[in-house]
Amino acid sequence: MNYSPKTPEYPAYTVVKDIPTLKSVIKPLFKAKVIALDCETTGLDPLTDKIRLIQIAVPNYPVVIIDLPAIYKHNNVEHNTGDRRTNISRLLLNKLFCNSALKIAHNAKFEWQFLNQAGLQIAGRFFDTQLAYQVLNAGIKTSASLENVTRKLLRLQLDKTLQTSNWHQNLTPEQLQYAALDAAILLDLYPILVKKLKQANLLKIAQLEFYCMPVVAKMELNGMLFDVSQWHKLGAKLEADKINALQQLKQLRLVGKSQLSLLPELTDTVNPNSSQQVLAAFQAMGIPVQSTNQKDLVPLVNQYPIIKALLDYRHLAKITATFTDSLPKHIHPKTGRVHPNYYQLGARSGRFSCRQPPLQTIPRDAAARSCFIAAPNYQILKADYSQIELRIVARLSGDAKMRKAYRQGADLHKLTAALVTGKRITEVTEEDRRLAKAINFGLIYGMGAAKLRVYAETKYGVTMTLESAKAFRTRFFDAYSGVTKWHETIKKAYLRGVKESRTLAGRRRRWADKPRLAEMLNHPVQGLNADINKLAMVKLVKPLSRTNARLICVVHDEIVLECPENEIAQVSRILHRCMVAAAVKFLNPVPVVVDITVGDSW
DNA sequence: TTACAACCTTTA
DNA sequence: CAACTAAAGGTGGTAA
């Protein structure tokens, strides 16, 4: 079965450089039910780079290669400079791109953004061959590049060496051939992917992703406005704090000449950023640690002042290096905003991942988040699902106590606190509730007693013995017997050797090797959270289009909009309605709560 | 010199 | 038998 991939045949093509040719060759394209699209561009940034070619492939017709700069020159419009005047070429192309045909592209977000910036619109039904491949292979390590997808599904080897060739000058026949093939090949990939999606019962999830694609494309172009002077102020303070923390460390003799001259490796300066050196120094000082990570050090902070100093320094070093120094590099010179890259299927669970900058890991302190601001006369609307993962667990397990608590609008953490401590709800203290939070979040994915003890201490500041951790664990599963049964069901599948998991919406995660039980417990929850948030984003499109609000950020269970001040009330209602509707579809009868806040910043 | 895995910390 | 998940990214250390 191991054929070596063949070289594909190059399709016929027509190059379009003027309006009369465009008018004549575009006509047959309107009859097509499917249109495959690809663009060659001068770079990867839709805000500054430009389209060089648009390739359009439909069945049984030469690939139409549109030399967009040449056409625009004919029409005397500026490309990608905000010049949005209508003209004959834009009218023709928009009519085609917004018709009822299915638009096929590989990483359609890229084409969408570049067309948008060129003053063109593309709308209607999409089929993204990259997203389709990723939906099929979620959890499996495999490249979703066009080259790899073509090799895997068609056993053809594309030659991508021309992808990064010079697309500025007059194009060679080889370049045009290459460009034509990239569009034409999509027509061959499409039916195979549809068949596979149907067979795997993944068509609906793929369509959710396709509907989501333009929303994400627009969100990235929108970006977030960033108050760089405020950020620098914050950065300066953190930098000063960091230097102070370093001084503390030095006074406690971690950094600088060590007094332990018997150990030659410690006579040199210890670099506090090196876990290796720090560990050696700690051990030489007689501190009993095997590692220098938080969970091992936190229990010792009171005993050893130097550990407190190190953790303080680490925190500030992390914040300054990862955020204060690097975030301003991502401010786009053209917009003054940060435009991260969202990957719709960047996480195995179906969640988004986000890079450059990683907006999903910005520290939660008000100081940091307040640097992400609304434009003048706008406000930031932030909406997040309340305890969505626990509600999903309540829905999936059908656990009676959990469902009753949510139905009554009770505080589930307090309930858990009462159940594991044996107190009445009214007697539960703040500390008890913190303990319960650690228990709820940890145990639903199968955390053991030993980890629970450590986790409760490092993340929630609650100390307990291993025995009490064991007892809490037992009491949790006794109290929530529905959760216990749900875990047992998944464990049975796990023991049978099942190597895939589905969310309620049908999203699949696969494992190439043996899954871990916790991964199988996690996917139905985290994956459904992703399904719900994506559905909410899709539901928002139409009602939001009637307002001037724009989507600027999503973080797993949170949606952030930038909204004109005079539309806050209206848009809040829309946001609330769409998010609740998306979640209710899957969580009913477990109630859904969406919290919305309004402010000048994130 | 560069490429990569290990370690650590940040988020939901 | 017990097992918390999903990411991005900076830094130091080492292998090529």
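This text describes the domains of a predicted model, the interface between two of them, and one lysine in domain 2.

The domain assignment divides chain A into three parts: domain 1 spans residues 13–200, domain 2 spans 228–328, and domain 3 spans 391–506. The centres of domain 2 and domain 3, computed over C-alpha atoms, lie 35 Å apart. Contact between these two domains involves four residues of domain 2 and four residues of domain 3.

The size of an interface is often expressed as the accessible area that is lost when the parts come together. For domain 2 and domain 3, the buried area amounts to about 320 Å², and carbon and sulfur atoms contribute 71% of it. On the side of domain 2, Lys295, Val298 and Pro299 lose the most area to domain 3, together accounting for 83% of what that side buries. By residue class, the side of domain 2 that touches domain 3 comprises two nonpolar residues, one polar residue and one charged residue. Across this interface the rule finds zero salt bridges, and it likewise finds zero residue pairs in polar contact where both residues have pLDDT 80 or more.

Attention now turns to a single residue. Lys318 belongs to helix 12, which covers residues 305–324. Is Lys318 buried, exposed or partly exposed? Its relative accessible area is 48%, so Lys318 counts as partly exposed, a class that lies between the cut-offs of 20% and 50%. Lys318 and Lys242 are 76 residues apart along the chain, and their C-alpha atoms are separated by 9.8 Å.

Note on methods:
Residues are numbered from 1 along each chain as its sequence is written. Chains are lettered from A and ligands numbered from 1 in the order in which they are written. This is a predicted model: local features need pLDDT of at least 70, side-chain atom pairs count only at pLDDT 80 or more; totals for chains, interfaces and linings use all residues. Side-chain values use heavy atoms; hydrogens and water are left out. Helices (H or I, at least four residues) and strands (E, at least two) are DSSP runs, numbered from the N terminus. Buried means under 20% relative accessible area, exposed over 50%, partly exposed in between (1.4 Å probe, protein chains only). Domain bounds come from an automatic or database domain assignment. Contact means heavy atoms within 4.5 Å. Buried area is the accessible area (1.4 Å probe) that two parts lose on being put together, summed over both. A salt bridge is a side-chain nitrogen of Lys or Arg within 4 Å of a carboxyl oxygen of Asp or Glu. A polar contact is a pair of N or O atoms within 3.5 Å; within protein, one must be able to donate a hydrogen and the other to accept it, and residues adjacent in sequence count only if both atoms are side-chain atoms. Ala, Val, Leu, Ile, Met, Phe, Trp, Tyr, Cys and Pro count as nonpolar, Asp, Glu, Lys and Arg as charged, and the others, Gly among them, as polar.
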